[in-house]
Amino acid sequence: CAAVQAEKALVGQAAAKLDLTAISALAVADTEPWDDIHASGAYRRLVGARLAARTLKKALAMKGIA
């Protein structure tokens, strides 16, 4: 599962060494979002990865880490 891979990429790592873009891509890698008139599945995956990266960055900032 990609989310497990993303979690493993986070655990035990120094915040300064985290590649949030790569980790966020791992988090959505196994997803299969649908296409419809509003957005393609690829776009939904891209947005999901960006939201994950933003959330991780904010969580680190809240803890005073980043």
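**Reading a predicted three-helix chain**

Student: How should one read the contacts of this chain, and what share of those between residues at least 6 apart in sequence join residues at least 24 apart?

Tutor: One asks how far apart in sequence the touching residues stand. In this predicted model, 43% of the contacts between residues at least 6 apart join residues at least 24 apart.

Student: Which secondary structure elements does the chain contain?

Tutor: The chain has three helices and zero strands. Followed along the sequence, the pattern reads α-α-α.

Student: What box do the C-alpha atoms fill?

Tutor: Taken along the principal axes, the C-alpha atoms fill a box of roughly 40 × 20 × 15 Å.

Student: What share of the residues in the chain is buried?

Tutor: A residue counts as buried when its relative accessible area is under 20%. Of the 66 residues in the chain, buried ones make up 20%.

Student: Is Ser24 buried or exposed, and why?

Tutor: Ser24 counts as buried because its relative accessibility is 1%. Ser24 has its place in helix 2, which spans residues 20–28.

Student: Which residues does Ser24 touch, not counting those up to four places away in sequence?

Tutor: With those neighbours set aside, Ser24 touches Ala49, Ala52, Ala53 and Leu56.

Student: What does the chain expose, and which atoms supply 60% of it?

Tutor: The chain exposes about 5000 Å², and carbon and sulfur atoms supply 60% of that area.

Student: How many positive and negative side chains are there, and how far apart do the centres of the two sets lie?

Tutor: There are 9 positive and 6 negative side chains in the chain. The centres of these two sets lie 12 Å apart.

Definitions and conventions. Residues are numbered from 1 along each chain as its sequence is written. This is a predicted model: local features need pLDDT of at least 70, side-chain atom pairs count only at pLDDT 80 or more; totals for chains, interfaces and linings use all residues. Side-chain values use heavy atoms; hydrogens and water are left out. Helices (H or I, at least four residues) and strands (E, at least two) are DSSP runs, numbered from the N terminus. Buried means under 20% relative accessible area, exposed over 50%, partly exposed in between (1.4 Å probe, protein chains only). Contact means heavy atoms within 4.5 Å. Accessible areas come from the Shrake-Rupley method with a 1.4 Å probe; for residues, only the protein chains shown count as cover. Lys and Arg count as positive and Asp and Glu as negative; His and the chain ends are not counted. The place of a charge is taken as NZ of Lys, CZ of Arg, CG of Asp or CD of Glu.
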